[in-house]
Amino acid sequence: MDQAALATGTPKGPWGSVAPAAPACSLTEVMSEQLARQLDEENNVLPSLSDPAADLLLEDVPDTASDLMLAQMLQLQFDRECDDQLRREERKFNGDSKVSISFENYRMVHPYEDSDSSEDEVDWQDTRHDPYKAEKPQATPRKGFTGKGKNITTKHDEETCGRKNTARMDNFAPEVLVGDGLGMDLKLSNQVFNSLKQHCYSEQRRSARLHEKKEHSTAEQAVDPRTRLLMYKMVNAGVLENINGCISTGKESVVFHADGGSLEEQPVPDEVVLKVFKTTLNEFKNRDRYIKDDYRFKDRFSKLNPRKIIRLWAEKEMHNLSRMKRAEIPCPEVVLLKKHILVMSFIGKDHVPAPKLKDAMLDSDDMKAAYCQVLHLMQQMYRECHLVHADLSEYNMLWHQGKVWLIDVSQSVEPTHPHGLEFLFRDCRNVSTFFQKRGVTEALGVYDLFNAVSGLNIPVAAEDEFMAQIVALEKRNEDHVQRRGKKTFPVSLEDGGPPLKPDADD
């Protein structure tokens, strides 16, 4: 070992001498407040004004002595915040839509250069000038031509007009897909452009008519807003507890099931149906004769107001049902009439409607009993109610509680109707054909059934001769009504008014 190292007391390592260790501080010195204050002063020492680093720090501080400078800085900050809000609203409004809007014209500040976000640069990009979009053809000056000499081009030039017509297609409705005609240098002749323009105009009008018709008409299983509002009013007035859903649709109406509420005039059944007559008039164009020639509604019929025809149709069914109910014929009981909505008692149980006669599973005895009931009901309607069903078939007869129930009597007319006997003959044909197909041997033929119901005893002959005699009787009855001014059959005028009259505001 080196004697010098031992003499000095300094340890020596294999790579050289080791530096002496720093003197250790005592715990008292570490916790000294004076030492803490000294270290704090050393850390908070500010550089002198002569220090170049301090000059660099002071260069970025703007001059805030001017009020104008402060106002401009505040305005700039406010404009940036306003632009940020506009960008957020724009993103929220557009979402994932392919067609977007831009609030660029409302922005206050141009894009600032210190933005590190590429998304900001895209948002601030001016999209009004698309460099890839084909330029529109220049307009012809007022003098009507361009160029000189051989290079003169008039406004009637074929290529110029073709390009202008292609550019005009941008003015078509947004739903018309015109494509990039300018980019393909498409040239449309005046004839083609005028045809396209007329087609677009026709399509717009047709679309508007369909939209208006859909909004103001009753569809297959939906109702228009006016009808829906009437149904809501019934629920709010307590007439109905709730409306459960559609149970049947037909040519003229949609039927909904509902739970009954209460009325001051009369009790409401626990289960009722809402018969909503369709406000689309396609099905009624060929059914005017059922009501315009009915002497009860002849003076009130107006072909120029189709919506009133539908309300008369609902009112007519209400009066017919009231007559049948007084004659104790099994049929729905009228609860309420509100414009073109007729509320009636429900034929069925526990939300399940009674089956139609064509769907009812009856044995031979029940089918025979059903035929006897139908024959008796037709005679009652004709002789006591003075009505002809005019649409009687297995589709408009229900089998419930061992009885036949008659429904859909809105088209029913009196025997004095100009076509009343023809309608009765058609009903007899439907009834006779159905029961004969079901194996009822007691079912009468068409002619015998007609005579049994009407009591006219027309001699049975060929169908043409039989129908000729029916038409002659109708003509004689019509002449008698017009000459005497009254009906051949005595009819009571009190058919029962609606429990709740329609609103006066149509």
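Entry 1. Before anything else I wrote down my terms: helices (H or I, at least four residues) and strands (E, at least two) are DSSP runs, numbered from the N terminus. With that settled, I looked just past helix α9 and found Gly238 following it, with a positive phi near 90°.

Entry 2. I reminded myself that this model is predicted, that local features need pLDDT of at least 70 and side-chain atom pairs pLDDT 80 or more, while totals for chains, interfaces and linings use all residues. Numbering runs from 1 along each chain as its sequence is written, and side-chain values use heavy atoms, without hydrogens and water.

Entry 3. I looked up the overall make-up: the protein has 15 helices and 13 strands. Of its 506 residues, 35% count as buried (under 20% relative accessible area, with a 1.4 Å probe and protein chains only).

Entry 4. Back to α9, residues 225–236: its twelve residues reach 16 Å from first C-alpha to last, close to the 16 Å expected at 1.5 Å a residue (1.5 Å times one less than the number of residues). Which residues of α9 are buried? I found Thr227, Leu230, Met231 and Met234. They fall within an arc of 95° seen down the axis, so they line one face of the helix (the arc uses directions from the axis to the C-beta atoms). I like the general rule here: an α-helix has 3.6 residues a turn, so residues three or four places apart point the same way.

Entry 5. I then checked the neighbours: the buried residues of α9 pack against β5 (240–249), β6 (253–260), β7 (271–277), β8 (334–338) and β9 (341–345), with contact meaning heavy atoms within 4.5 Å.

Key: Buried means under 20% relative accessible area, exposed over 50%, partly exposed in between (1.4 Å probe, protein chains only).
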